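Biologist: Could you take me through this model by way of some questions about individual residues and their surroundings?

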Amino acid sequence: MTIAWDKVLPVIVSIGVIVLVAILRQYSRQFAAIAATMPLNIPLGMWIVYAGAEDKQAALTDFSQAVLVNIIPTVIFMIVAWQTTRAGWELVPTVALGYVAWAISLLCILLLRRTLGI
């Protein structure tokens, strides 16, 4: 039996990040925030795309462009989370509204890309 590292490694790294954030938050909120926003899944995604592509350059270019465009809903999620926590909201409503904003902005991007043919 062989291990499919391209499927297992992202899970291991994600668990490691969660543990790192839990440890760092005891020492510094700033370091915990930096650890939480490190670009870990993007290089892993690049690796998976690269490994499975015949035209590696084109595949990485397309993937990088898609990540750049699709990071916008994540930024919107964080803006909503920041503003709702400033307004005194609790965790669950903050996260719920953040995901609603994320989903709406993602849908808008997908519709815009379809309309423009990109």
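The questions and answers below go from the ground rules to single residues, a surface patch and some distances.

Biologist: What kind of model is this, and from which number are residues counted?

Modeller: This is a predicted model, in which local features need pLDDT of at least 70 and side-chain atom pairs count only at pLDDT 80 or more, while totals for chains, interfaces and linings use all residues. Side-chain values use heavy atoms, with hydrogens and water left out, and residues are numbered along each chain, as its sequence is written, from 1.

Biologist: Is S28 buried or exposed?

Modeller: S28 sits in the loop between helix 1 (5–24) and helix 2 (29–36), where helices are DSSP runs of H or I with at least four residues, numbered from the N terminus. Buried means under 20% relative accessible area, exposed over 50% and partly exposed in between, with a 1.4 Å probe and protein chains only. Because its relative accessibility is 19%, S28 counts as buried.

Biologist: Which backbone nitrogen lies 3.1 Å from a polar atom of the S28 side chain?

Modeller: A polar contact is a pair of N or O atoms within 3.5 Å; within protein, one must be able to donate a hydrogen and the other to accept it, and residues adjacent in sequence count only if both atoms are side-chain atoms. The side chain of S28 reaches the backbone nitrogen of Q30 at 3.2 Å. At 3.1 Å from a polar atom of that side chain lies the backbone nitrogen of F31.

Biologist: Which residues outside its sequence neighbourhood does T94 contact?

Modeller: T94 belongs to helix 6, and with a relative accessibility of 4% it counts as buried. A polar atom of the T94 side chain lies 2.8 Å from the backbone oxygen of E90. Contact means heavy atoms within 4.5 Å, and, leaving aside neighbours within four places in sequence, the partners of T94 are A81, T84, T85 and W89.

Biologist: Why is the pair of Y99 and W102 described as it is?

Modeller: Rings of Phe, Tyr and Trp (its six-membered ring) pair if their centres lie within 6.5 Å, and planes under 30 degrees apart count as stacked, over 60 as edge-to-face and the rest as tilted. The structure holds 2 aromatic pairs. The ring centres of Y99 and W102 are 6.2 Å apart and the planes stand at 85°, so this pair is edge-to-face.

Biologist: Which residues form the aromatic cluster?

Modeller: Y99 and W102 both lie in helix 6, 3 residues apart, about one turn of the helix. Y99 is partly exposed at 48% relative accessibility, and W102 is partly exposed at 30%. W102 also touches P73, T74 and F77, not counting residues up to four places away in sequence. The one aromatic cluster is formed by F77, Y99 and W102.

Biologist: Which helix gives the most to the nonpolar surface patch?

Modeller: Such a patch joins nonpolar side chains (Val, Leu, Ile, Met, Phe, Trp, Tyr) within 5 Å, from residues with over 30% relative accessible area and no salt bridge, that is, no side-chain nitrogen of Lys or Arg within 4 Å of a carboxyl oxygen of Asp or Glu. I42, L68, I71, I72, V75, I79 and W82 form the patch, with about 640 Å² of accessible area together, by the Shrake-Rupley method with a 1.4 Å probe, only the protein chains shown counting as cover for residues. I42, in helix 3 (residues 41–51), is partly exposed at 31%. With 4 residues, the helix that gives the most is helix 5 (residues 72–86).

Biologist: How many Å separate the C-alpha atoms of K7 and L112?

Modeller: K7 lies in helix 1 and counts as exposed at 60% relative accessibility. K7 and L112 are 105 residues apart along the chain, and their C-alpha atoms are separated by 31 Å.

Definitions and conventions:
Patches are made of residues with over 30% relative accessible area and no salt bridge: like charges are joined within 9 Å, nonpolar side chains (Val, Leu, Ile, Met, Phe, Trp, Tyr) within 5 Å. Helices (H or I, at least four residues) and strands (E, at least two) are DSSP runs, numbered from the N terminus.
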